[in-house]
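Let's take a walk through this fold together, starting from the overall layout and ending with a few individual residues. Keep the viewer open as you read.

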Amino acid sequence: MSLFDGLLDDGYQVQVFDETDDVTGDDVLALWDRERAITREAADRRLDQVLLVATHVADGLVGVATTYLKRNEQLRMDLWHFRVFVGEPHRSSSVARVLALKAIELLEIAKTPEEFVAAIGKCLL
């Protein structure tokens with residue numbers, strides 16, 4: 001449970017993608033395709049970057065947060081980058097905000113010390 005779960009509007013839930021059976025990779029690809037969010041090529045690349053998924057009781061998958069580690073040459077260090085996407089019908093809800101806050105929270109709690117020690121900070125895209 002996260003501190004931010006109480007911020008979600010009724011009917012929504014945000015879960016760690018790797019810890020849920022409620023949403024599959026095919027569901028994520030279908031959301032991006034249905035919303036014409038990104039190309040299929042980009043979607044295939046980003047599927048391994050999915051950290052969080054947001055679902056709605058009536059509409060199923062409505063949002064995702066993706067993360068990746070990338071070198072910032074100007075700073076000469078690695079930063080965690082993350083993106084949040086929410087389907088158009090749900091953009092007036094609290095889902096995008098909670099996905100962003102929970103992504104930051106999870107990036108601050110190391111999955112493995114080696115991964116997270118390598119990055120000095122985060123970048124919201």
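**A tour of the fold**

Start at a turn: in the hairpin made by E3 and E4, with 4 residues between the two strands, Arg76 takes a positive phi near 55°. Keep in mind that what you're looking at is a predicted model. Arg76 sits in the loop between E3 and E4, and it has that positive phi although it is not a glycine. With 64% relative accessibility, Arg76 counts as exposed.

Now step back for the whole chain. How many helices and strands does the protein chain have? There are 4 helices and 5 strands, and from the N terminus on they run β-α-α-β-β-β-α-α-β. Of the 125 residues, 42% count as buried. The accessible surface comes to about 7,600 Å², and carbon and sulfur atoms own 49% of it. If you look at contacts with a separation of 6 or more, 57% of them are between residues 24 or more positions apart.

Back to the hairpin strands. E3 covers residues 60-72 and pairs with E4 in the antiparallel sense, over 10 bridges. At one spot in this pairing, Asn72 stands opposite Met77 in E4. Is strand E4 largely enclosed or largely open? Of its 10 residues (77-86), 7 are buried, so E4 is largely enclosed by the rest of the structure. As background, side chains in a regular strand alternate between the two faces of the sheet.

Next, find helix H3, residues 95-108. Its 14 residues reach 20 Å from the first C-alpha to the last, close to the 20 Å expected at 1.5 Å a residue. Val95, Val98, Leu99, Ala100, Lys102, Ala103, Glu105 and Leu107 are the buried residues to pick out in H3. A reminder that helps when reading such a list: an α-helix has 3.6 residues a turn, so residues three or four places apart point the same way. Arg97 lies in H3 too, but it is partly exposed, with a relative accessible area of 48%. Its C-alpha is separated by 8.6 Å from that of Leu7, although the two are 90 residues apart along the chain.

That brings us to the interior. The largest nonpolar core has 17 residues, and the ones touching the most other members are Leu8, Val14, Leu52, Ala54, Val95, Leu99 and Ala103. Strands E1 (12-16) and E2 (50-56), along with E3, E4 and H3, each supply at least two residues of this core. Which element gives the most to this core? That's H3, with 6 residues. For a close-up, go to Leu8: leaving aside residues up to four places away in sequence, it touches Gln13, Val14, Ser94, Val95 and Val98. There is also a second, separate core of 12 residues, which includes Val23, Val53, Val64 and Phe85.

One last stop is another loop. Arg36 is found between helix H1 (25-34) and helix H2 (40-46). Is Arg36 buried or exposed? Arg36 is exposed, with a relative accessible area of 77%. Its phi is near 50°, a positive value in a residue other than glycine. Put that beside the hairpin loop where we began, in which Arg76 also has a positive phi, of about 55°.

Conventions
Residues numbered from 1 in each chain as written. Predicted model: local features only at pLDDT ≥ 70, side-chain atom pairs only at ≥ 80, totals over all residues. Heavy atoms only, no water. Buried < 20%, exposed > 50% of the residue type's maximum accessible area, 1.4 Å probe, protein only. Pairing = 2+ DSSP bridges. Expected span 1.5 Å × (residues − 1). Core = buried A, V, L, I, M, F, W, Y, C linked by side-chain atoms within 4.5 Å. Contact = heavy atoms within 4.5 Å. Areas by Shrake-Rupley, 256 points an atom, 1.4 Å probe, with all protein chains shown as cover.
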